[in-house]
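The following exercises introduce a protein model with a bound ligand. Each task is followed by a solution that proceeds step by step.

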Amino acid sequence: MKVTLVSRSGKEIVKGGIELTDSATVADLQREIQKRTKKSPDRQRLTLPVPSGSRERPVVLNSKKSLKEYTDGNSRTLTIIFKDLGPQVSYRTLFFFEYLGPLVLYPVFYYFPVYQFFGYKGERVIRPVQTYAMYYWCFHYAKRIFETFFIHRFSHATSPLSNVFRNCAYYWTFGSYIAYYVNHPLYTPVSDLQMKIGFGFGIVMQISNLYCHIILRNLRKPEGDGGYQIPRGFLFNIVTCANYTTEIYQWLGFNIATQTVAGYIFLLVAAFIMSNWAFAKHRRLKKLFDGKDGRPKYPRRWIILPPFL
Ligand SMILES: NC(=O)c1ccc[n+]([C@@H]2O[C@H](COP(=O)([O-])OP(=O)(O)OC[C@H]3O[C@@H](n4cnc5c(N)ncnc54)[C@H](OP(=O)(O)O)[C@@H]3O)[C@@H](O)[C@H]2O)c1
């Protein structure tokens with residue numbers, strides 16, 4: 001089989017193409033590409049050409065499949081589009097660094113006399129709500145790191161290195177912004193009852209979020225190829241992205257208890273981001289499970305925030 005490898009602009013990447021056996025897999029092709037271009041398989045994105053004028057998304061080649069599956073009929077030639085995704089890091093590395101920032105930075109505002117550098121000279125009296133908020137916050141990010149290493153079964157091994165800087169900027173900046181206001185010497189606590197309702201509700205949502213992640217984990221086998229299944233059970237019987245629902249509600253609990261503008265801004269931004277992702281995930285599951293040709297039909301469910309979305 002002969003593979004012609006071209007860039008998205010149509011320029012040939014390997015002059016004269018690549019000759020492979022008829023039984024070769026996509027992984028074999030990736031190894032050949034690595035030999036010639038020095039780009040590891042992680043950073044190779046291989047797709048089939050899309051007919052001009054078509055609005056279809058290109059088919060991404062699966063490394064476990066044979067190349068023959070991507071040819072039409074008995075053709076022994078195949079044209080493949082190659083895109084270099086740039087330097088990669090594992091998903092675990094990405095998540096670890098983005099969560100480590102808020103986990104470390106928040107206690108710095110609680111424990112250390114940082115407010116002196118912002119011009120506050122007086123004695124700082126720490127309120128109980130500020131102490132509980134610090135434990136709540138650290139529990140949340142420690143839980144996320146734990147889930148990253150011991151719960152999630154990711155479909156993609158790696159992510160572009162540039163995402164580390166983008167995601168860290170997001171989490172580290174918001175973490176410091178919220179920590180600054182919640183731990184501030186002039187912070188005004190809410191009532192005792194409001195604090196208890198907020199943290200109580202938030203903790204229940206954090207535990208529910210962990211349970212949602214365990215349900216998602218069990219949808220994939222450890223040695224599986226990262227496919228998607230219909231999540232069922234617990235809140236997934238009502239909402240497609242119950243993990244995001246509980247994540248949003250646990251931030252709501254934190255904000256009811258601590259009540260800062262910074263915390264509510266983060267809640268709105270996070271809810272907006274997760275809603276966009278939830279729409280995409282809901283669409284993907286409805287497309288994969290369309291009820292045709294023996295495939296199950298995706299049940300009727302809310303997307304992220306019943307009864308609105
Ligand atoms: N505060 C914020 O701004 C914010 C934003 C986003 C996320 N989060 C938190 O971080 C957590 C992780 O987020 P995430 O977006 O990376 O992942 P996710 O969508 O919550 O999914 C967690 C894991 O389950 C897998 N999965 C999801 N749906 C599946 C299905 N139908 N079948 C099989 N496996 C499935 C995912 O696989 P894939 O690898 O294929 O995705 C991923 O490995 C969230 O649940 C949330 O708690 C917080």
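**Exercise 1. Identify the polar side-chain contacts of the ligand in this predicted model, and state how much of the ligand is buried.**

Solution. Begin with Tyr 170, which places a polar side-chain atom 3.1 Å from an oxygen atom of the ligand. For Arg 220, the corresponding distance from a polar side-chain atom to a ligand oxygen is 2.9 Å. Ser 155 likewise has a polar side-chain atom 2.5 Å from an oxygen atom of the ligand. Next, consider the surface: the ligand taken alone exposes 870 Å², of which the protein buries 91%.

**Exercise 2. Describe the shell of residues around the ligand.**

Solution. First, the count: the ligand is surrounded by 27 residues, and the closest are Ser 155, His 213, Tyr 228, Asn 243 and Tyr 244. Second, the classes: the shell comprises 15 nonpolar, seven polar and five charged residues. Third, the origin: two or more residues each are supplied by helix 2 (91-111), helix 4 (162-182), helix 5 (192-217), helix 6 and helix 7. Helix 7 provides the largest share, five residues.

**Exercise 3. Place these helices in the overall architecture of the protein.**

Solution. The protein contains seven helices and six strands. Read from the N terminus, the order of its elements is β-β-α-β-β-β-α-α-β-α-α-α-α. The C-alpha trace spans about 80 × 45 × 35 Å along its principal axes.

**Exercise 4. Determine how helix 6 is oriented relative to helix 7, and which residues join them.**

Solution. The axes of helix 6 (residues 242-258) and helix 7 (residues 261-288) approach within 10 Å and cross at roughly 175°. An angle over 145 degrees counts as roughly antiparallel; therefore helix 6 is roughly antiparallel to helix 7. On the side of helix 6, the contact includes Tyr 244, Trp 251 and Leu 252. On the side of helix 7, Tyr 264, Phe 266 and Trp 277 are among the residues involved. By class, this contact has 12 nonpolar, two polar and two charged residues.

**Exercise 5. Carry out the analysis for helix 4 and helix 7.**

Solution. The axes of helix 4 and helix 7 come within 8 Å and cross at roughly 150°. Helix 4 is therefore roughly antiparallel to helix 7. From helix 4, the residues Tyr 170, Phe 174, Tyr 177, Ile 178 and Tyr 181 take part. Their partners in helix 7 include Ala 262, Phe 266 and Ile 273. The contact has 11 nonpolar residues, one polar residue and no charged residues. Tyr 170 thus appears in two settings: in the contact with helix 7 and beside an oxygen atom of the ligand, at 3.1 Å.

Conventions:
Residues are numbered from 1 along each chain as its sequence is written. This is a predicted model: local features need pLDDT of at least 70, side-chain atom pairs count only at pLDDT 80 or more; totals for chains, interfaces and linings use all residues. Side-chain values use heavy atoms; hydrogens and water are left out. Axes are lines fitted to C-alpha atoms, for helices over the stretch in contact, and angles run from 0 to 180 degrees between N-to-C directions. Helices (H or I, at least four residues) and strands (E, at least two) are DSSP runs, numbered from the N terminus. Angles under 35 degrees count as roughly parallel, over 145 as roughly antiparallel, 65 to 115 as roughly perpendicular and the rest as oblique. Contact means heavy atoms within 4.5 Å. Ala, Val, Leu, Ile, Met, Phe, Trp, Tyr, Cys and Pro count as nonpolar, Asp, Glu, Lys and Arg as charged, and the others, Gly among them, as polar. A residue is near a molecule or strand if one of its heavy atoms lies within 4 Å of it. A polar contact is a pair of N or O atoms within 3.5 Å; within protein, one must be able to donate a hydrogen and the other to accept it, and residues adjacent in sequence count only if both atoms are side-chain atoms. Accessible areas come from the Shrake-Rupley method with a 1.4 Å probe; for residues, only the protein chains shown count as cover.
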